[in-house]
Amino acid sequence: MRTADGIRALVRETFAGASGGFRPCAFFDDRLDCIRIIARDCSVLETRINPYLTVLEDNYYLESGRKQYVGFTVKGARHFCDEHGLSMSAPINVSDLLNAILKAFPDLAVELFVNGIARPLVQEENIERVDVSGASGPIPKPSLA
Amino acid sequence: MRAIRPLGSYRDVTEAYAPDNPLSVVYLGVREDSFKQVLHQNLFTPVAQYYGIVQDGLLEAIHLFRGLRRPLMHGDDKEADKSVLVYSWRPQVDCVWSPSRFDGNVILRPAPQGEVFVVLVREEKQPEQYSRYGPIVGSIEKWNWIKEDPVLPHAPIDWRERYGEKLWSRI
């Protein structure tokens with residue numbers, strides 16, 4: 001098993017030349033067709049709300065005293081945005097995205113997620129828009145089994 | 001300690017058990033594009049987890065699943081969800097990046113209780129061939145912790161709802 005110093009050396013090598021530290025972000029993950037909102041660089045537990053939504057929880061929030069929820073993911077983003085009139089040709093307003101999620105999934109779990117976790121998180125972290133610059137190409141058809 | 005093994009369009013290649021045979025070893029790679037995304041956002045902890053958990057840990061995988069039960073488009077492939085492999089196991093440790101004012105350190109911790117680690121891999125439709133490693137059969141796309149299934153040890157909770165099929169288990 002690797003030592004912490006060995007892993008640190010590889011991380012430093014990987015980030016060589018990079019400047020700055022982590023900042024809360026919202027971006028489109030083209031390779032997995034997801035919108036990711038991330039408020040903290042930490043070890044996260046991913047918990048599925050439904051096939052389209054996942055909430056990110058800091059694995060060590062209890063001992064650190066930090067906030068429990070540190071982000072969320074909207075999966076199948078191209079199809080979701082197309083279905084709900086959110087153009088991916090320009091940055092998407094996170095508030096519009098959350099409104100569309102509420103409209104698409106009218107159930108209690110999603111309402112609690114949006115109003116109890118996602119909205120407070122993006123407001124506290126001042127995450128207003130999603131960078132969708134990685135999005136291009138046609139819209140996929142749903143293929144839920 | 002093994003070094004990073006860059007190869008063609010891959011930043012690193014590593015061993016894993018084959019999708020069609022858990023007794024056979026194949027090579028997977030992390031594409032430069034995939035790594036750029038975490039680098040661009042300065043996500044140090046996922047990078048530390050790659051070197052500390054994924055890179056040498058894929059050979060500890062206990063289960064392999066194929067297919068995500070949600071829409072996924074990649075390039076022109078409208079059914080890219082079907083070609084995603086998911087390796088899962090219980091690693092011994094977790095890796096966390098602890099930033100300092102000018103630098104940072106990696107902290108190794110016991111793995112979170114009741115959680116498993118999953119690695120998502122996209123099967124390559126036309127694997128690149130290399131004389132030293134042979135074909136690179138998949139591209140590692142993402143890795144993270146998920147609650148463990150209460151019935152199937154080392155598997156993610158709700159794995160039947162998440163994934164298309166279980167290809168093999170090594171228990």
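Q: In which sense do strand E2 (residues 34-38) of chain A and E5(A) pair, and over how many bridges?
A: The model is a predicted one, in which local features need pLDDT of at least 70, side-chain atom pairs count only at pLDDT 80 or more, and totals for chains, interfaces and linings use all residues. Residues are numbered from 1 along each chain as its sequence is written, while chains are lettered from A and ligands numbered from 1 in the order in which they are written. Helices (H or I, at least four residues) and strands (E, at least two) are DSSP runs numbered from the N terminus, and two strands pair if DSSP finds at least two bridges between them. Strand E2 of chain A and E5(A) satisfy this in the antiparallel sense, over 5 bridges.

Q: Which residue of E5(A) stands opposite A:Leu53?
A: Strand E4 (residues 53-58) of chain A also runs antiparallel to E5(A), joined to it by 5 bridges. The residue of E5(A) opposite A:Leu53 is A:Val74.

Q: How many residues of strand E5 (residues 69-75) of chain A are buried?
A: A residue is buried if 20 or more other C-beta atoms, placed from the backbone, lie within 10 Å of its own, exposed if 12 or fewer, and partly exposed in between. Strand E5 of chain A is largely enclosed by the rest of the structure, because the buried residues number 7 of the 7.

Q: Is B:Leu23 buried or exposed?
A: B:Leu23 lies in strand E2 (residues 21-31) of chain B. Because B:Leu23 has 8 C-beta neighbours inside 10 Å, it counts as exposed.

Q: How many residues of chain A are in contact with the 45 residues of chain B?
A: Two residues are in contact if their C-beta atoms, placed from the backbone, lie within 7 Å. On this basis, 45 residues of chain B meet a number of chain A residues equal to 42.

Q: Which element gives the most to the largest nonpolar core?
A: A nonpolar core is a set of buried Ala, Val, Leu, Ile, Met, Phe, Trp, Tyr and Cys residues joined through C-beta atoms within 7 Å. The largest one has 82 residues, of which A:Val11, A:Val74, A:Val130, B:Ala48 and B:Tyr87 touch the most other members. With 7 residues, the element giving the most to this core is H2(B).

Q: What is the mean pLDDT of chain B?
A: pLDDT is the predictor's confidence in each residue, from 0 to 100. In chain B, 99% of residues reach 70 or more, and the mean is 92.
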